[in-house]
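Me: Please take a close look at the largest pocket of this model, and tell me which residues and elements line the pocket. I would also like to hear about the backbone around it.

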Amino acid sequence: MINKYIFGKPFESEAVVDFPSDAKVFTDNKAIPGASVCVSNDFKMTIELDELDMIFGLGESLGGFNKRGKVFRSWCTDDPVHSEEKEALYGAHPYFIIYSPTKKTSSLYFIDYPGLVTLDMAFTFYDKVVVTVPNDNLNVYYIKEDSLLDTAKTFRAIIGKSFVEPFWAMGYCQSRWGYKSDEDIDAIIANHKKYSLPLDAIFMDIDYMESFRNFTVNKANFPDFKATVSKLKALGVHLVPIIDAGTKDCEEDEIDREGISNGYYCKTADGKVLRAAVWPGFAHFPDFLQERVRKWFGEKFKLLQQEGIDAFWIDMNEPVMFYSEEGIKAASKKLKEYAQLVLDDKLASGQIVAWQMKDAVGCLQNSMSDYESFFHEVPKTVAGALAQKEPCFKTQSADDVLVRHSDIHNLYAFNMAKAVSQANKGIFLLSRASYIGSHRYTSIWMGDNFSWWSHIELALHMLPSLNMAGFIHTGCDLGGFGCNTSRELLLRFLSLGIFTPLMRNHAACGTRAQECYNFEKVEDFRALLSLRYRLIPFLYNEVMKASLEGELMFTPLAFEYGEDEIALHCEDQLLLGKTVMIAPVYTANAIGRNVYLPQNMLELRCSSAQGCLSGKPQTRLLEKGAHFIKCAPNEVVFFVKEGCAIPVVDAALNTKELDYSTITYWGSENPVTPYELKYKGE
Ligand code: GLC
């Protein structure tokens, strides 16, 4: 069952694209099943929970598989410190499924509103979900099917098919904020060759550019960029340059000037082009909500494609604003006032002023007042009641109206990805921020995590909730982006990364060198990376099934073994397709971990000696129940259901070299249902 509830005149977000013609649509009807709704300038929906009800979903978010007991905000947020109490990450995916293990019912609610949505998942009241929206123009979708899986799949069906990455994107990707020259790239290639480490892509962070200007390449560091790109391509290695949302405010930059003279940028209330700082200093922000701007910006990617580039990484598209001119002025005024108080000795407490001074600067970044200060020009037919009643400046087209950015904040990155994807078919595309529907245009990664043990588990938790929102080709920064990783931590991150469609090692500038070859016993890293390549035919098939057929690649055990109380509440293992279960180690100095098998399964133990590089893993049948599974950092242990087998090929150093004629099967010798390898990469 799919119902749509329209309140007021919502903004047309384009999140839902395949709404069935026979599904029910209600207008200003508050009778959403299971919920009580209150609408008066704002929107509040309350859902009573039973003691054992569980909540799944919310896409890119903190918390476990079961989100009960936490507050979440749907608001694309650039906050690199993903600590437990945080309420928002880069993606805004305001959907959730309430599952009742007693009644066996699954109800999905999707609050399609492009501004701020607060989702109190039984935090304030232990038995209530309370969703609030500071506006009364929105759509709510309600889906109810017989099982958790079917409910999630119906949601996938209405939001459209996922963007499909090229096959090589299944290969190992090396990245670091700081690669800036041919020499840096050559060193990565040489080291991968020296240690026989597979490689398919090198990501080029902002330092490849000229003064952080989009679509430029630093000539001194890359004297013949085209030759660099083609040299790498011949080796099967793709370069993936980053492009940020903000374009540097720069007299000499033709693209920036083009943007200004054509009115392509967002403007503030006085009709002036918005200026706010990102990496290049003050920047301008393309108004991606205008079709002509999307076309213009999307076409610019061809400048790099002419150099041979076929892959892009789009970033800072929440959008990030380190500070605005107004913000800086207000903060420096406040600082002066505080300083005067201190100098005049008029303080009750020194500590408080220190905090206030810190706050005056700290709140500059991505501030709500900046997001409220500028506007988008949007067709009347799309804007609904979010159109400004009294426009502060004239739109360029009479068919357009002004919409305040803060009201549609979560659609900025969505429309940036749409711009790039629609103008450049067949490319690789990875975005940081997203909304529901972005999965039709781009893949996403999980943003700036840390080299923390808990962030392995966090990535595990996000995989199924992202899948339910259509994001299949995803993964986290392996090794951790912020702070220094250790050899053991990187190995354990990689052991999860072997199974995630995006397998990218990425780190922030200033952190310890994190490329595999910088650690002792590189052969252990070679073993893990090689295992990934052996598994690619299986993984790619699962990715394609999930992307094209609306399956989920990763599901919590609860989705399949809901009758089993332990499986239902298992928070640190995942099913991968219908055959495999993974249970990565995510604690330091561990010799293994406890694993719960919801049915008899084969344990596949891969090491350099057996399975990773060649041959078969050590395999044994384990009975349903709890087991302590030993697993050293240089081993990978995973599970195949009894009666099943998965395809593997010979190890390779690049996806181009993968040879499907070498397929053998791991798992049961005589599988009950042979594995169907429907999608083969090339
Ligand atoms: C952002 C991105 C990160 C990148 C950095 C510099 O923090 O999330 O991946 O390395 O910007 O461009």
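**The largest pocket and some backbone details**

Reply: In this predicted model, α6 gives the most to the lining of the largest pocket, contributing 6 residues. The elements that supply two or more residues to that lining are α6, spanning 325–343, and α8, spanning 368–372. The space in the largest pocket comes to about 410 Å³, and of the 20 residues that line the pocket, those closest to its centre are S324, E325, E326, G327 and D370. By character, the lining of the largest pocket divides into 7 nonpolar, 6 polar and 7 charged residues.

Turning to the backbone, P319 is found in the loop between β20 (311–315) and β21 (323–324), and the peptide bond that leads from E318 to P319 is cis, with omega near 0°. In the loop between α6 and α7 (350–362) sits D345, a residue that has a positive phi of about 60° although it is not a glycine. D345 counts as exposed because its relative accessibility is 66%, where the cut-off for exposed is over 50%.

K521, which lies in the loop between β28 (503–505) and α14 (522–549), likewise is not a glycine and yet has a positive phi, here of about 50°. With a relative accessibility of 53%, K521 also counts as exposed.

Definitions and conventions. Residues are numbered from 1 along each chain as its sequence is written. This is a predicted model: local features need pLDDT of at least 70, side-chain atom pairs count only at pLDDT 80 or more; totals for chains, interfaces and linings use all residues. Side-chain values use heavy atoms; hydrogens and water are left out. On a 1 Å grid over the protein atoms alone, a cavity is a set of points where a 1.4 Å probe fits but cannot get out, and a pocket is an open set with protein on both sides within 12 Å along at least five of seven lines; lining residues have an atom within 4 Å of a point. Grid points are joined across faces, edges and corners, and a volume is the space filled by probe spheres set on the points. Helices (H or I, at least four residues) and strands (E, at least two) are DSSP runs, numbered from the N terminus. Ala, Val, Leu, Ile, Met, Phe, Trp, Tyr, Cys and Pro count as nonpolar, Asp, Glu, Lys and Arg as charged, and the others, Gly among them, as polar. Buried means under 20% relative accessible area, exposed over 50%, partly exposed in between (1.4 Å probe, protein chains only).
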